[in-house]
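Subject: A structure for you to explore

Hi there,

Here is the structure I promised to pass on to you. Please open it next to this email and follow along as you read.

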Amino acid sequence: MSEPIKNRYDFVVYFDVENGNPNGDPDAGNMPRVDPEEGYGLVTDVCLKRKIRNYVEAVKEGEPGFDIYIKDSVPLNASDRKAYEHLGIDSKEIKKLRKDDPELDVKVRDFMCENYYDIRTFGAVMTTFVKDNLNCGQVRGPVQLTFARSVEPIIPQEVTITRVAITTDADAEKKNTEMGRKHIVPYGLYRCEGFVSANLARKTTGFSEEDLQLLWEAIINMFDLDRSAARGKMAVRELIVFRHDSEFGNAPSYQLFDAVTIKKKEGVETPRSFADYERAAVDEGSIPAGITVEKKLP
């Protein structure tokens, strides 16, 4: 494995959606997620991690060390068994094997971290190992994301659509079209914040500089490989990274996040595109010594 990262990072991401649904809520008829108190749009961290995983799986397909643990149509237990097979472990003999080899937990964890990018990055709960009472069943990942929240309140719209494809023969005898509905956000700019822990990378997963550069690339391009009818026009607009000079950091995350602001252009009441906003600004005077600010997008 490559050397783990040695610096802590914090970052801010701005992304937008136009006439789409960035993250439907299954408990609300798949409507865009909204904070019910103030009307701000929400996108879950799980949704964004899924897109990062999909990007890495696409660009690193078949490359050793960059498999994805949580992916469609692959049971987690099947991936867990690869570690047992590689290490020659019989799950029925776990107690005896642990007694003979106190490092067994570490070996299993290291195999999973070395082979699965998303475990190395986000961590995982590996149920096979949890059930077998191995201490490596829960791995804390060095990279974490917050829920994304829209900069302005959003007003989701329900759009009625028709289709000419009829589901059943009986219905086809009665009608030529069927009705349906889509939920969209006319326009919304969202902000997400993230953290990269060099300490957890060193102690647990081995998240490396190569992995870090792939993370930035995946964040910037995560919507380009995730097009759908509901997410046709989504794009990452800003990625602002704070690099600390030390493993444990030189300032609290909130102090850095508070230094990043974005505002509407003068005269704009209701934004309908990213062009209605000024570019994100960083208050350099409030950034403590030992922290470097980098904008990953021009």
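Before we look at the sheet pairings, a definition: two strands count as paired if DSSP finds at least two bridges between them. Helices (H or I, at least four residues) and strands (E, at least two) are themselves DSSP runs, numbered from the N terminus. Please keep in mind that this is a predicted model, in which local features need pLDDT of at least 70 and side-chain atom pairs count only at pLDDT 80 or more, while totals for chains, interfaces and linings use all residues. Residues are numbered from 1 along each chain as its sequence is written, and side-chain values use heavy atoms, with hydrogens and water left out.

**The whole chain**

The chain has 10 helices and 14 strands. Its C-alpha trace spans about 70 × 65 × 35 Å along the principal axes. Of the 298 residues, 45% are buried; buried means under 20% relative accessible area, exposed means over 50%, and partly exposed lies in between (1.4 Å probe, protein chains only). A contact means heavy atoms within 4.5 Å. Among contacts between residues at least 6 apart in sequence, 72% join residues at least 24 apart.

**Strand E10 and its partners**

Which strands pair with E10? One is E1, which runs antiparallel to E10 (residues 178-196) and is joined to it by 11 bridges. In this pairing, Asp10 stands opposite Phe195 of E10. Strand E9 (residues 157-163) also pairs with E10 in the antiparallel sense, over seven bridges, and here Gln157 has Ile184 as its bridge partner. Strand E7 (residues 143-145) is antiparallel to E10 as well, with three bridges; Val143 is partnered by Val196. Finally, two bridges link E10 to strand E8 (residues 148-153), again antiparallel, and Arg149 is matched with Arg191.

**A look at Asn7**

Asn7 sits in the segment before strand E1 (9-20). Is Asn7 buried or exposed? Asn7 counts as buried because its relative accessibility is 8%. Leaving aside neighbours within four places in sequence, Asn7 is in contact with Ala198, Arg243, His244, Asp245 and Ser246.

Two of these neighbours also come up in polar terms. A polar contact is a pair of N or O atoms within 3.5 Å; within protein, one must be able to donate a hydrogen and the other to accept it, and residues adjacent in sequence count only if both atoms are side-chain atoms. The side chains of Asn7 and Arg243 share a polar contact of 3.0 Å. A polar atom of the Asn7 side chain also lies 2.9 Å from the backbone oxygen of His244. For a sense of scale, try finding Asn19: 12 residues along the chain from Asn7, its C-alpha atom is 39 Å from that of Asn7.

**The cysteines**

How many disulfides does the structure hold? There are zero, where a disulfide is a pair of cysteine sulfur atoms within 2.5 Å. Cys113 is in no disulfide, and the nearest cysteine sulfur, that of Cys136, is 9.1 Å away. Cys136 is likewise in no disulfide, with the sulfur of Cys113 as its nearest cysteine sulfur. Cys113 is buried because its relative accessible area is 2%, and Cys136 is buried because its own value is 3%.

Have fun looking around, and send me your questions!

Best wishes
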